[in-house]
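Biologist: Please explain how the labels used for this model are earned. For each one, I should like to see the value set against its definition.

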Amino acid sequence: MDITQSTSVAFLFAGQGNPTIGMGADLWDINDETKKIWDCASDISGADIRRICLKGPMNKLVQTTNQQVAVTAINATLFTLCKDKLEGLHVAGSCGHSVGEYAALYAAGAVTLDDLFRMIHFRSRLMDELSKVNKGAMQAVKGIDYASMAALIAESGLEVDISCDNSRRQQVIGGTVAALREMSDVLVGKGFETTKLGVSGAWHTRLMADGVQQMRDFLANIAIKPTQHDVLMNVTGAPASGPQEIKENLSLHLTHTVKWTDSMERFLSQTSPLAFVEVSNKAYLGHMLNDFDGFSPEMALHCRKM
């Protein structure tokens, strides 16, 4: 679409998923600002994030503690590079898928660069530790909406949660490996397609419950400022601007469903022309928008092609 002064922009920030060796290698030394982002990521995490992204090995890159930091470094860098090209346009808001929510808050001026990576470092270690105690997995399910998925889970009696409500036609579920295996049999028997995700835990499920208070305690020492534009939070699918509200959303984020459908439908309900700018290493959030009424492909832009 042609972006004009009447166009509003919604920034969509990627989460974990599909890491590749070499991702971000073209970003970290473009200018002093991008170098600062990657230096900050490595200094706070204690890992050489540049080297891990460039050389791996893959089994190291996919580790939650490395992947979340790497994805956040890429998101922050790409936003820094693209924001000036959209200067003067109205920002309808930002939204991040799972860990991408933290970059969305950074883009809205709610947190400093140092605190961004402090939060990600803590969150990734916490989730990694919990996943080793409460082992779980996740599956994507195509062709089903949230209400239908919830009804099938309730009917099955299995301890499975909906991790992500991605669209009216895609859900992600999480739970123990045994519970997911049984749930998958139920879904396949009803004609649904399921795909196991390459993650090391059951994110956004009850298996992460022990981390909620730990996250609250950690965030109590983080300074969060009111957002400069709306940030649609995963837990509610609605904007949050106050520091305490944001902190509580980030804490509950560990166990609550990512309400991506509600967030995207909220953006699409506005009357002014809207452009979705996806901030990610490789486009995928824009593709999911094809499931939504009121969306047309020309409304989606990828930051690398601007």
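Biologist: Which residue stands opposite A10 in the neighbouring strand?

Modeller: A10 stands opposite G93, which belongs to β2. The model is predicted: local features need pLDDT of at least 70, side-chain atom pairs count only at pLDDT 80 or more, and totals for chains, interfaces and linings use all residues. Residues are numbered from 1 along each chain as its sequence is written, and side-chain values use heavy atoms, leaving out hydrogens and water.

Biologist: How do you know that β1 and β2 are paired?

Modeller: Strand β1 (residues 8-13) is joined to β2 by six bridges. Strands pair if DSSP finds at least two bridges between them, and therefore these two count as paired. They run parallel. Strands (E, at least two residues) and helices (H or I, at least four) are DSSP runs, numbered from the N terminus.

Biologist: Why is strand β2 described as largely enclosed?

Modeller: Five of the seven residues in β2 (residues 90-96) are buried, so the rest of the structure largely encloses this strand. Buried means under 20% relative accessible area, exposed means over 50%, and partly exposed lies in between (1.4 Å probe, protein chains only).

Biologist: How many aromatic pairs are there, and why is the pair of F11 and F13 called tilted?

Modeller: The whole structure holds seven aromatic pairs. The centres of the F11 and F13 rings are 6.4 Å apart and their planes meet at 40°, so the pair is tilted. Rings of Phe, Tyr and Trp (its six-membered ring) pair if their centres lie within 6.5 Å; planes under 30 degrees apart are stacked, over 60 edge-to-face, and the rest tilted. Both F11 and F13 are buried.

Biologist: What makes F122 and F218 a stacked pair?

Modeller: Their centres are 4.2 Å apart, with 0° between the planes; both values meet the limits for a stacked pair. F122 lies in helix α6 (residues 113-133) and F218 in helix α9 (residues 212-219), so the pair ties together parts 96 residues apart in sequence. Both F122 and F218 are buried.

Biologist: Why is Y102 called buried?

Modeller: Y102, in helix α5 (residues 100-107), has a relative accessible area of 0%, which is under the limit and therefore buried. Apart from residues up to four places away in sequence, Y102 touches several others, including L116, M119, R123 and H253; contact means heavy atoms within 4.5 Å.

Biologist: How do you know that R50 and D39 form a salt bridge?

Modeller: Their closest N and O atoms are 2.6 Å apart. A salt bridge is a side-chain nitrogen of Lys or Arg within 4 Å of a carboxyl oxygen of Asp or Glu, and therefore the pair qualifies. R50 lies in helix α2 (residues 49-55) and D39 in helix α1 (residues 32-45), so the bridge ties together parts eleven residues apart in sequence. D39, at 34% relative accessibility, counts as partly exposed.

Biologist: Are D161 and R206, another salt-bridge pair, buried or partly exposed?

Modeller: Their side chains meet at 2.8 Å, N to O. D161 lies in strand β4 (residues 160-167) and R206 in the loop between β6 (193-196) and α9, 45 residues apart. At 17% relative accessibility D161 is buried, whereas R206 is partly exposed at 41%.
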